[in-house]
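Me: I am new to this structure and would like a close look at a single part of it, set in the context of the whole. Please take it slowly and keep the reasoning visible.

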Amino acid sequence: MIIDLERFVAEERTHWDRLEKMLDFMERDPERKLPLRDVLAFHELYQRCSADLAKIATFSGEPEMRRYLEGLVASAYSEIHASARQGRKLNLWRWFTQSFPRAFRKRIRAFWLAVALTIAGVAFGAAALKFDPDSKRDIMPFQGLNEDPADRVHHEESVSKDRLAGEKTPFAAMLMTHNTKVTFFTMALGITWGVGTTMVLFYNGVILGAVGFDYIHAGQSPFLFGWLLPHGAVEIPAILVGGQAGLLLASALIGWRSRETRRMRLRGILPDLMTLVFGAAIMLIWAGIIEAFFSQYHAPVIPYSVKIAFGLTEMAALTLFFARAGRNA
Amino acid sequence: MTGSKTGTLALRTPEGIVFSLPLAGPASRFMAVSIDMLCIFGASAVIDRLFGALSFLGAVQALLVIVYFVLSVGYGIVTEWFWRGQTIGKRLLGLRVMDEHALHLEFSQIAVRNLLRFVDALPLFYLVGGVSCFFSRYSQRLGDLAASTIVVRDVKPSQPDLNQLLGARYNSMLEHRHLAARLRQRVPPAASTIALEAMLRRDSFEPRARVELFAELAGYFKSLVEFPPEATEQLSDEQYVRNVAEILFAKRG
């Protein structure tokens, strides 16, 4: 059976035009709130066009008309079912001080898993250097770490002029961007069911363990902690948070013991995933500044006790931040 | 939500209405991302030209490093957020990112799908993303799978022009109402659709194919109902099919 297409188009065209105009208006100015009268009119037009689409689909095989109506109904459907909490304005301070620590606590299990993987890497790196000292050349990521710790400490402590004069700001920028890329990458690798994220966390741990063992074994613990703690107290947790985000993504993909579909699980974690990874990026801005302007200066310019105390204070503040911030909001 | 590897995604609204979205394929998406990369490269070159002369200053150097980074990571996030799922490349190619269920995109979806480019772009030229797009049911790269998004062809709906079919031309076959009614009864929906489509698209056919197609269609419709010779004499096959389509789609009082 075929409906009277001419009459149908003549009768309905005005409604389609109105809906099209309203959709154009919403597209141009998505922030603007429609008055109640227009919302009701929009809903009515959506229903009318949906009914027209059903008629066309049932009684007439006219594909061009059907495509046109499908386009209208699809656009209107998206507007009608838009999330009420959708907003384009962001309060950055509130997001960082409340949403970020809350998301961290909510997904704490993934964080502890990231810590465990890193610790496993640390143990492996330390063991590798203890039982196979020659592996140092293969493990250390850059040449500077291959020299004897005692020689390096002697060299660093005898430097009389500021090697980073005029270079500190670009160096800080380079550190920030590089570490942020690594963190984003660690999170993104969660899509490999967590295999990539696990490898990155473990490898970071291996380097950390090897460097730590090398310096401690050589009796250079004050230098090691004075060098690493000021920026590492924030940088290492930030990368762990990136790993936490990656493992969270992996857990949603795997869905172990979950009755929800994969899509539902992924939709459920997306806001926290985004919050964690951008929160980690902000932590890395701080870590980059400290590494460039503070960590590279050693005793006697800055006593190790001051640097270690600074690092410990940061750790305490960070722990407090993650444990308490945003609890009462 | 239903769909197969056919280039469309069919969705059913709570009201029971089914509509389909045309999915963008890997090739058009790769072209869009290439345009976007050119835009990022162009913007970086402009910034470099404007401030490069001052790069001996540490602060300017640092600023340039940060600006390049923010541009390369933030470009997709910011443009897709403010242009509702479109970047410059997607706009030019008529593509749009949408939620898998045709709902509004949320910021977290846009952020995550763009951050997953770090993996999709591996090892070169979005090979991982392209392979994923090729094999996934809804042409999704890994970022789309993680963020529950799809990329569709953003065809602006335009009202079909039925004037060429439903114009006020004289239709000699309508003089025989009982035969017209019989024709409506006997023509199956699929055949009526073919007749209408043939009329709407007739100018895009090769001349020879056009003659052959309308001859075949006219022969088919003639076999269903036979109109008296005075109603059909001097009618070409194409005019015959046009008259049939008008009888089927435009009921006259």
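Reply: A residue is called buried here if 20 or more other C-beta atoms lie within 10 Å of its own, and exposed if 12 or fewer do, with partly exposed in between. That cut-off is needed for the part chosen here, the loop of chain B that holds B:Ala102, and it should be read with the reminder that this is a predicted model.

B:Ala102 lies in the loop of chain B that runs between strand 4 (95–99) and helix 4 (107–115). Its backbone has a positive phi of about 65°, although B:Ala102 is not a glycine. Is B:Ala102 buried or exposed? Because B:Ala102 has 20 C-beta neighbours inside 10 Å, it counts as buried.

A useful companion to this residue comes from the other chain, where A:Arg257 also has a positive phi of about 65° without being a glycine. A:Arg257 is found in a loop as well, the one between helix 10 (221–254) and helix 11 of chain A. Here the neighbour count is 5 C-beta atoms inside 10 Å, and therefore A:Arg257 counts as exposed.

Staying with chain B, another backbone feature sits at the peptide bond from B:Leu122 to B:Pro123, which is cis, with omega near -20°. B:Pro123 has its place in the loop that joins helix 5 (117–120) and helix 6 (127–135) of chain B.

The surroundings can be followed further through B:Arg29, which is found in helix 1 (residues 26–51) of chain B. With 23 C-beta neighbours inside 10 Å, B:Arg29 counts as buried. Leaving aside residues up to four places away in sequence, B:Arg29 touches B:Ala24, B:Leu95, B:Cys133 and B:Val151. B:Arg29 and B:Gly130 are 101 residues apart in sequence, yet their C-alpha atoms are 8.9 Å apart in space.

Moving from these residues to the whole of chain B, its secondary structure comes to 13 helices and 5 strands. Its radius of gyration is 27 Å, well over the 18 Å that the globule rule gives for 253 residues, so chain B is more spread out than a compact globule. The C-alpha atoms of chain B fill a box of roughly 90 × 40 × 35 Å along the principal axes. The chain is divided into domain 1 (2–153) and domain 2 (163–249), and the C-alpha centres of these two domains of chain B lie 47 Å apart. Buried residues make up 35% of the 253 residues in chain B, and among its contacts between residues at least 6 apart in sequence, 64% join residues at least 24 apart.

Chain A, the partner, has a secondary structure of 12 helices and 0 strands. A compact globule of 329 residues would have a radius of gyration near 20 Å, but chain A has 29 Å, and its C-alpha atoms fill a box of roughly 95 × 40 × 40 Å along the principal axes. The domain assignment of chain A gives domain 1 (5–80) and domain 2 (92–324), with 53 Å separating the centres of the two, taken over C-alpha atoms. Of the 329 residues of chain A, 42% count as buried, and 84% of its contacts with a separation of 6 or more are between residues 24 or more positions apart.

Within chain A, helix 4 (residues 92–106) and helix 11 pack at an angle of about 115°, with their axes 9 Å apart. Helix 4 of chain A passes helix 11 of chain A in a left-handed crossing. Helix 4 of chain A contributes residues including A:Phe96, A:Phe100 and A:Phe104 to this contact, while those from helix 11 of chain A include A:Asp272, A:Leu276 and A:Ile282. The residues of this contact between helix 4 and helix 11 of chain A divide into 6 nonpolar, 3 polar and 2 charged.

Finally, the two chains meet in a contact that takes 53 residues from chain A and 50 residues from chain B. On the side of chain A that touches chain B, the elements giving two or more residues are helix 1 (5–28), helix 2 (36–59), helix 3 (63–80), helix 8 (168–188) and helix 11 (262–295) of chain A. The residues on that side of chain A divide into 32 nonpolar, 10 polar and 11 charged.

Methods: Residues are numbered from 1 along each chain as its sequence is written. Chains are lettered from A and ligands numbered from 1 in the order in which they are written. This is a predicted model: local features need pLDDT of at least 70, side-chain atom pairs count only at pLDDT 80 or more; totals for chains, interfaces and linings use all residues. Two residues are in contact if their C-beta atoms, placed from the backbone, lie within 7 Å. Helices (H or I, at least four residues) and strands (E, at least two) are DSSP runs, numbered from the N terminus. Ala, Val, Leu, Ile, Met, Phe, Trp, Tyr, Cys and Pro count as nonpolar, Asp, Glu, Lys and Arg as charged, and the others, Gly among them, as polar. Domain bounds come from an automatic or database domain assignment. Axes are lines fitted to C-alpha atoms, for helices over the stretch in contact, and angles run from 0 to 180 degrees between N-to-C directions. A crossing is left-handed if the near helix is turned anticlockwise from the far one by less than a right angle, and right-handed if clockwise. The radius of gyration is taken over C-alpha atoms; the globule rule is 2.2 Å times the number of residues to the power 0.38.
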